[in-house]
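Trainee: I have the model open. Can we go through it step by step?
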Amino acid sequence: MNNIDQKAIELYDIYTVAVGGKAWDGAPLPCGKDFISDPTKQKQADGWRAVAAHVLGVAAPAEQRTYRIAIDIGHANGTGTRTNNADEHEEAVHNAAVLKSILESYQVDRFRFKVDIIDFPAETNTRDLNKTIKAINAGDYHAAVSLHCDSSSNVNARGAHCCYHRTYLADGYADSPRGKALASAIAARLCPIMPGRASKVQARPDRERNLSGLAILRETKMPTALVEVGFLSNNEDLKRIRALRYELMQAVALGIATYFYENP
Ligand SMILES: [Zn+2]
């Protein structure tokens with residue numbers, strides 16, 4: 001066994017003790033050794049290996065690139081979804097902090113991340129959106145991710161999905177290839193942990209005006225993905241959003257890293 005795996009096992013076991021030895025649903029967590037060697041948990045194990053490599057101070061290559069990422073906290077305080085004693089802005093604040101710390105801990109290979117969190121909590125929803133778009137476009141970012149949570153009057157609706165920009169033309173449409181790649185890479189990691197949506201990657205058109213319906217995707221210059229982490233209106237999703245926050249944001253971080261590996 002290599003040093004990274006040994007360290008990953010050690011870190012995972014510390015984490016397991018810290019969370020009381022139980023997963024979000026109360027099931028006992030495996031020990032680090034079993035977890036890392038379980039092929040069905042490959043994606044999560046990869047994340048622990050990345051953290052372990054960082055802790056071990058694996059030497060960075062001489063020509064390492066830094067990618068600047070904007071994380072938008074969806075909506076102003078109290079202006080997003082509020083249901084089930086949960087508030088979309090508040091959940092996004094917690095998610096963004098965890099995502100930033102994970103992304104900035106990656107120093108494993110060809111690149112590292114510098115992350116800014118964009119938040120205008122005291123604004124109205126519209127002013128928050130306008131200021132966010134302006135701030136993202138003014139920054140020299142390589143990608144942006146807008147963090148949200150869903151809600152529905154159907155309490156059984158659940159699961160994560162990711163959205164990207166699509167341009168509508170007179171005779172069809174053209175997807176933003178980088179936006180779609182970013183949304184797809186995040187969804188591929190995140191959706192297995194937050195299952196339930198039939199279409200996990202979406203363009204979300206405004207059919208009346210025949211344009212991409214989400215301004216944060218339409219108006220930003222760099223590849224941007226909007227991430228709906230799960231439904232606050234669904235008890236199971238809400239429980240998972242809170243209990244699995246680290247795993248969920250690790251999945252988003254790995255999705256972003258995968259995107260930059262494939263689209264340097
Ligand atoms: Zn939202």
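**Domains, a residue and a sheet**

Mentor: Yes. The model is predicted. Its chain is divided into domain 1 (1–58) and domain 2 (63–262).

Trainee: How far apart do the C-alpha centres of domain 1 and domain 2 lie?

Mentor: The two domains do touch: 10 residues of domain 1 are in contact with 12 residues of domain 2. On the domain 1 side, the touching residues are 5 nonpolar, 3 polar and 2 charged. The distance between the C-alpha centres is 26 Å.

Trainee: Is isoleucine 4 buried or exposed?

Mentor: Isoleucine 4 sits in helix H1 (residues 3–18). Leaving out residues up to four places away in sequence, it touches Arg49, Ala52, Ala53 and Leu56. Within 10 Å there are 20 other C-beta atoms. The cut-off is 20 or more, so isoleucine 4 counts as buried.

Trainee: Which strands stand at the edges of the open sheet?

Mentor: Read the order of its 6 strands: S4-S1-S5-S12-S6-S9, with mixed pairing. An edge strand here has a single partner, so one side of it is left without a neighbour in the sheet. That gives strand S4 (111–118) and strand S9 (201–202).

Trainee: Which residue in S4 stands opposite arginine 68?

Mentor: Start with the pairing. Strand S1 (residues 65–73) runs parallel to S4, and 8 bridges join them. Opposite arginine 68 stands lysine 114.

Trainee: What angle does the direction of helix H8 make with that of S12?

Mentor: Helix H8 (residues 235–243) packs on the sheet. It touches strand S5 (143–150) and strand S12 (224–231). Its direction and that of S12 make an angle of about 115°.

Terms used. Residues numbered from 1 in each chain as written. Predicted model: local features only at pLDDT ≥ 70, side-chain atom pairs only at ≥ 80, totals over all residues. Domains from an automatic or database assignment. Contact = placed C-beta atoms within 7 Å. Nonpolar A, V, L, I, M, F, W, Y, C, P; charged D, E, K, R; others polar. Helix = DSSP H or I, 4+ residues; strand = E, 2+ residues; numbered from the N terminus. Buried ≥ 20, exposed ≤ 12 C-beta atoms within 10 Å, placed from the backbone. Pairing = 2+ DSSP bridges. Axes fitted to C-alpha atoms, helices over the stretch in contact; angles between N-to-C directions.
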